[in-house]
Amino acid sequence: MGEEAKMRTCLLDLPWEDVLVPHILCHLPLQHLVSLQRIGPSVPKEAFCSMLKDNKVLHSLSLQSCSDWVTDKELLPVIGQNQHLQRVDMSGCVWLTRHSLVAVSLSCMHLQHLGLAHCEWVDSLSLRSLADHCGGLQSIDLTACRQLKDDAICYLAKKCLKLRSLSLAVNANVTDESVEEVAKNCRGLEQLDLTGCLRVRNQSIRTLAEYCPKLQGLKVNHCHNVTESSLDPLRKRNVVIDVEPPLQRALVLLQDVLGFAPFINLQI
């Protein structure tokens, strides 16, 4: 354990009600409170929430360190009094409900970055509310938000035209319809994660190549209906793709079998 971690652990040994909360924690910036919360479960939920409750100048809020206990009851007051939030990460917060996302959409008009990975409570209604009120959104992570279907994602794409980064990974409901709508409306898209979207096909990848000239990265691992015929034009534009081209995959397999990489002259 490093010296800084030792000092923090010693700090947490002090009495909470008599010393830490009234005399120390109230003077710490939020990022230090988050660091304390990550040390371990010894940080009481009540103390952490009391610090957030009185903070009205937040621009960034990450709830990953308290994702196993935070509920709407703790979060809604924080969202209501911090209307300048630009970045909110609720990824993995399994005890929240759609009410928290609706609250974010209604209160945080300047929101630019939103993390909702593995939040299976996100539904079409709450995502539409977000799209209606947070048109300046630049990135959103909807990984494993399995309630969402094409209609909600298409609605988001039509409203949030400034999207630069989007993850729809691990969602069997996502089809070419969603990807094509994103491509046609979000022309500045730079990063798209479709990992495990089994219903996405070559058609939408070609549309993506046509409409998104700024695309830098594309993840299509486990998208079994996406083939090299649609990926090759993107590779030629130096888009970083998370699956290797067929020849390279074949060479890796040969190396595994033979124990060395065979030399192949590709020059014509």
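This is a short tour of the structure, stop by stop, with something to select at each one.

**Before you click**

You are looking at a predicted model, where local features need pLDDT of at least 70, side-chain atom pairs count only at pLDDT 80 or more, and totals for chains, interfaces and linings use all residues. Residues are numbered from 1 along each chain as its sequence is written, and side-chain values use heavy atoms, with hydrogens and water left out.

**Stop 1: the whole protein**

Start with the cartoon view. The protein has twelve helices and eight strands; these are DSSP runs, numbered from the N terminus, with helices being H or I of at least four residues and strands E of at least two. Of the 268 residues, 45% are buried. Here buried means under 20% relative accessible area, exposed means over 50%, and partly exposed is in between (1.4 Å probe, protein chains only).

Switch on a surface and you have about 14200 Å² exposed, with carbon and sulfur atoms supplying 54% of it. Those areas come from the Shrake-Rupley method with a 1.4 Å probe, and for residues only the protein chains shown count as cover. As for contacts (heavy atoms within 4.5 Å), take those between residues at least 6 apart in sequence: 70% of them join residues at least 24 apart.

**Stop 2: the sheet**

Now colour the strands. They form an open sheet of eight with parallel pairing, in the order 1-2-3-4-5-6-7-8. Its edges are strand 1 (60-62) and strand 8 (240-241), each of which pairs on one side only. Two strands count as paired if DSSP finds at least two bridges between them.

Zoom in on the strand 8 end. Strand 7 (residues 217-219) runs parallel to strand 8, and two bridges join them. Select Leu218 and you'll find its bridge partner in strand 8, Ile241.

**Stop 3: the largest pocket**

Which residues lie nearest the centre of the largest pocket? Select Arg87, Leu114, Gly115, Ser139 and Asp141; the full lining has 16 residues. Strand 1, strand 2 (87-89), strand 3 (113-115), strand 4 (139-141) and strand 5 (165-167) each give at least two residues to the lining. The space inside is about 200 Å³.

The search uses a 1 Å grid over the protein atoms alone: a pocket is an open set of points where a 1.4 Å probe fits, with protein on both sides within 12 Å along at least five of seven lines, and lining residues have an atom within 4 Å of a point. Grid points are joined across faces, edges and corners, and the volume is the space filled by probe spheres set on them.

**Stop 4: two positive phi angles**

Most residues other than glycine have a negative phi. Two residues here go the other way. Select His118, in the loop between strand 3 and helix 7: its phi is near 65°, and at 48% relative accessibility it counts as partly exposed. Then go to Ala144, in the loop between strand 4 and helix 8. Its phi is near 60°, but Ala144 is buried, at 0% relative accessible area.

**Stop 5: helix 8 and the cysteines**

Stay around there and select helix 8 (residues 150-159), whose buried residues are Asp150, Ala152, Ile153, Cys154, Leu156 and Ala157. They pack against helix 7 (124-133), strand 4 and helix 9 (176-185). Cys154 has a relative accessible area of 5%.

Next, pick Cys186, buried at 0%. Why is there no bond to Cys212? The closest cysteine sulfur to that of Cys186 is in Cys212, and at 7.5 Å it is too far for a bond. A disulfide is a pair of cysteine sulfur atoms within 2.5 Å, and the count by this rule is zero.

**Stop 6: long-range neighbours**

For the last three picks, leave aside residues up to four places away in sequence.

- Thr71 sits in the loop between strand 1 and helix 5 (72-80) and is partly exposed at 23%. It touches Trp95 and Leu96, and its C-alpha is 8.6 Å from that of Ser100, 29 residues apart along the chain.
- His99 belongs to helix 6 (residues 98-107). It is in contact with Asp72 and Leu76, while Leu75, 24 residues apart in sequence, is 10.0 Å apart in space, C-alpha to C-alpha.
- Thr195 is in the loop between strand 6 (191-193) and helix 10 (202-211). It touches Ala169, Val170, Lys219, Asn221, His222 and Asp242.
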